[in-house]
Amino acid sequence: MSAPGSMSLPTAEIRPDVSVIIPAYRAQSTIEAAIASALDQRGVEVEVVVVEDASPDSTALIVERMAEADSRIRLLRQPRNAGVGAARNRALDAARGRWIALLDADDRFAPGRLARLLRLAQEDGADMVADNMVLVGPLGEQRGHVFRMDRLDLPEPLDAPTFVRGNVFLKYGYTLGYLKPLIRAEVLDRGIRFLTDMPVAEDFHFYLDCLLTGARWRLVPEGHYYYTVTPGSLSRSLSMSDMEAIRRRSLEAVGKASALGRTDVVRALKERHRTIELMIGHMRFVGALKSGAAAEAFGLAIRRPQLLPYIFKFGLESAQKRIVRLRQPLVG
């Protein structure tokens with residue numbers, strides 16, 4: 001896939017089946033395994049586009065060494081750290097494959113994954129196809145699948161309203177935005193790119209834009225993407241400014257779906273937006289408590305009684321964690 005206005009490929013150059021794009025930052029301990037898993041895919045012609053995001057470690061040196069030994073690897077270096085969205089966008093502008101595969105620098109593909117997904121996409125006429133994800137611990141141990149098999153076993157392609165409902169806030173666990181689909185390059189040639197001002201959920205908006213342009217997305221219950229779990233993977237701390245960016249982009253998505261006449265998507269997005277507003281309210285409640293403004297906190301809870309279930313839920317979870325920490329020194 002080429003950026004708008006870019007030069008076309010020389011006629012003698014063979015276009016890869018799949019461009020695997022990898023944003024890399026502080027990835028010196030994992031990047032080699034990630035790249036190797038992409039290069040080892042059988043039955044497909046691949047190129048691996050790594051965007052090194054001004055990493056202070058040896059990530060770039062490792063990729064350079066690998067690229068010298070294998071011409072399928074292309075290294076692009078960011079002049080400054082700009083985040084995963086910007087890194088992926090640069091890779092997308094440079095990618096030449098007929099299909100695009102996303103891979104994080106600390107994850108891996110199972111052998112044969114790309115050929116399997118490509119075959120399913122071609123058989124089904126799908127523009128996107130994603131499999132389940134296998135959780136892998138820090139020591140390489142497998143911990144089961146990210147999603148229940150039945151959740152991805154859908155008889156019809158994943159539609160936009162269903163996708164939106166699978167990406168609400170204030171719900172512990174993984175959302176459908178975590179999936180790493182194989183995407184037909186022609187879909188992204190419509191100008192679809194990642195947002196670059198999002199602390200999280202940039203994948204959600206990227207995939208939603210694909211669906212809103214009419215892309216057909218098939219899901220596969222089996223897992224062939226190895227997703228590395230590290231301490232704190234599901235407990236990323238978001239600031240109020242982060243949430244305001246999420247809120248702003250959420251409202252923009254509602255407006256975009258409304259302009260397209262997609263009332264079904266608008267309804268789903270408004271319900272998702274409600275959970276964003278509730279999360280902001282809960283963060284304000286917790287912030288007031290921590291600052292000693294108990295009256296302000298409880299006033300907020302009284303004015304917004306819909307917050308109460310989440311206040312009790314997360315308060316109980318926090319208390320349980322404290323109890324565990326207090327008991328730990330007594331063990332043994």
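These legends describe close-up views of a predicted model.

**View 1. The largest nonpolar core.** This core has 104 residues. Val20, Ile31, Ile35, Leu208 and Trp217 touch the most other members. Helix H10, spanning residues 263-290, supplies the largest share of the core, with 11 residues. In soluble globular proteins, nonpolar side chains tend to be buried together.

**View 2. Ile31 and its contacts.** Ile31 is one of the core members that touch the most others. Neighbours within four places in sequence are left aside here. Beyond them, Ile31 is in contact with Ile22, Ala24, Val50, Ile62, Val63 and Ala105.

**View 3. The second largest pocket.** The volume of this pocket is about 190 Å³. Its lining is made up of 10 residues. Closest to the pocket centre are Ile14, Pro16, Val46, Glu47 and Arg72. By class, the lining has six charged residues, three nonpolar and one polar.

**View 4. The largest cavity.** The structure holds one cavity of 30 Å³ or more. The largest cavity encloses about 40 Å³ of space. Residues Arg151, Arg165, Gly166, Asn167, Val168, Lys171, Tyr174 and Thr175 form its lining.

**View 5. Residue classes around the largest cavity.** The lining divides into three charged, three polar and two nonpolar residues. Arg151, Arg165 and Lys171 are the charged residues because Lys and Arg count as charged. Val168 and Tyr174 are the nonpolar residues because Val and Tyr count as nonpolar. Gly166, Asn167 and Thr175 are polar because Gly and the other residue types outside those two classes count as polar.

How values were computed:
Residues numbered from 1 in each chain as written. Predicted model: local features only at pLDDT ≥ 70, side-chain atom pairs only at ≥ 80, totals over all residues. Heavy atoms only, no water. 1 Å grid on protein atoms, 1.4 Å probe; cavity = no way out; pocket = protein on both sides within 12 Å on 5 of 7 lines; lining within 4 Å. Points joined across faces, edges and corners; volume = space filled by probe spheres on them. Core = buried A, V, L, I, M, F, W, Y, C linked by side-chain atoms within 4.5 Å. Buried < 20%, exposed > 50% of the residue type's maximum accessible area, 1.4 Å probe, protein only. Helix = DSSP H or I, 4+ residues; strand = E, 2+ residues; numbered from the N terminus. Contact = heavy atoms within 4.5 Å.
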